[in-house]
Amino acid sequence: MDIAKIRNVAFVGHGGVGKTSLVEAILFACGATTRLGKVDDGTSTTDFDPDEIKRKISLNTAVAFCDHKGYRLNLIDTPGYGDFVADARGGLRVAGAAVVVVDGIAGVQVQTEKVWKFANDYSLPRVVVINRLDRERADFFRTLESVQKRLKGRLVPFQVPIGSESGFRGVVDLIAMRALVYPDGKMKEEEIPADLAETAKSYREKLAEAAAETDDDLLAKYLEEGSIGEEEMLTALRRAVVSGDVVPVLAAAATRGVGVGP
């Protein structure tokens, strides 16, 4: 394996927000596993300790891997409960990036802020995943507000959800402006729903602005033409994410595999 093609990514966040379920869903989506394990059933890949299976929470840091587009992804699943948060710090210490998982109902919680500070200490690029959006009272936009208010950095949605609570069925990719839905657990592209078109357009403009502000020439073009192309946006955003200037915010319901593909 070419070392340049290995990526170590730590999954961190408060306890019970679905980090293990998200890792499980990614392993399944990438074909590393043939069935989607569940924490509640004691069948998840990274919660294999008998105590973890019994208590249905992660007690230790565990690593699983999958391959995607020629890259080896080492997924570091860390515990989120206060007593075991030192393990999360250890996981971040050896990671090249962090996925900060936030509950779509509770928003930012105590351990969210702690792991965010750890990621700052190690200057890690990161992405926020607002998870469990299929649950009752889950609200992407309310949680986004909580995240933007309480976590330091420029947190920008790269997606908006299609549907809410039990009706959450996919996401709008704001870069390509396409709808990705999961009618049978597999990702399928559709037209953006009419009732979401204005919201998507508004958030797309905010994303274009965030991308343009990372580069003077791009900003001049954006101000002159009022828009920038998908490729230019991707290049600018990739640079901004790696440097930590922009933190993408994504939407998911890991136990159902919704939003996991992107």
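Which residue takes a positive phi in the hairpin of strand 9 and strand 10? Before I answer, let me say that what we are looking at is a predicted model. The residue is glycine 185, with a positive phi near 90°, in a hairpin that has 6 residues between the strands. Strand 10, residues 188–190, runs antiparallel to strand 9 and is joined to it by 3 bridges, and within this pairing leucine 180 has glutamate 189 as its bridge partner.

On its other pairing, strand 9, residues 178–181, meets strand 8, residues 170–173, in the antiparallel sense over 4 bridges, with valine 172 standing opposite alanine 179. The hairpin of strand 8 and strand 9 has 4 residues between the strands, and here methionine 177 takes a positive phi near 50°.

Let me turn to helix 8. Its 14 residues, 230–243, should span 20 Å at 1.5 Å a residue, and the end C-alpha atoms are indeed 20 Å apart, so the two values agree. Met233, Ala236, Leu237, Ala240 and Val241 are buried in this helix, and because these buried residues fall within an arc of 135° when seen down the axis, they line one face of helix 8. On the other side, Glu231, Arg238 and Val242 are exposed. The buried residues pack against strand 5, helix 6, helix 7 and strand 11, and just after the helix, glycine 244 takes a positive phi of about 85°.

Finally, the core: the largest nonpolar core holds 80 residues, of which Leu22 and Val128 touch the most other members, while helix 6, residues 197–212, contributes the largest share, 7 residues. Among the contacts of valine 128 are Val100, Trp116, Leu155 and Val249.

Methods:
Residues are numbered from 1 along each chain as its sequence is written. This is a predicted model: local features need pLDDT of at least 70, side-chain atom pairs count only at pLDDT 80 or more; totals for chains, interfaces and linings use all residues. Side-chain values use heavy atoms; hydrogens and water are left out. A nonpolar core is a set of buried Ala, Val, Leu, Ile, Met, Phe, Trp, Tyr and Cys residues joined through side-chain atoms within 4.5 Å. Buried means under 20% relative accessible area, exposed over 50%, partly exposed in between (1.4 Å probe, protein chains only). Helices (H or I, at least four residues) and strands (E, at least two) are DSSP runs, numbered from the N terminus. Contact means heavy atoms within 4.5 Å. Two strands pair if DSSP finds at least two bridges between them. The expected span of a helix is 1.5 Å times one less than its number of residues. The arc is that of the directions from the helix axis to the C-beta atoms. Lists of a residue's contacts leave out its neighbours within four places in sequence.
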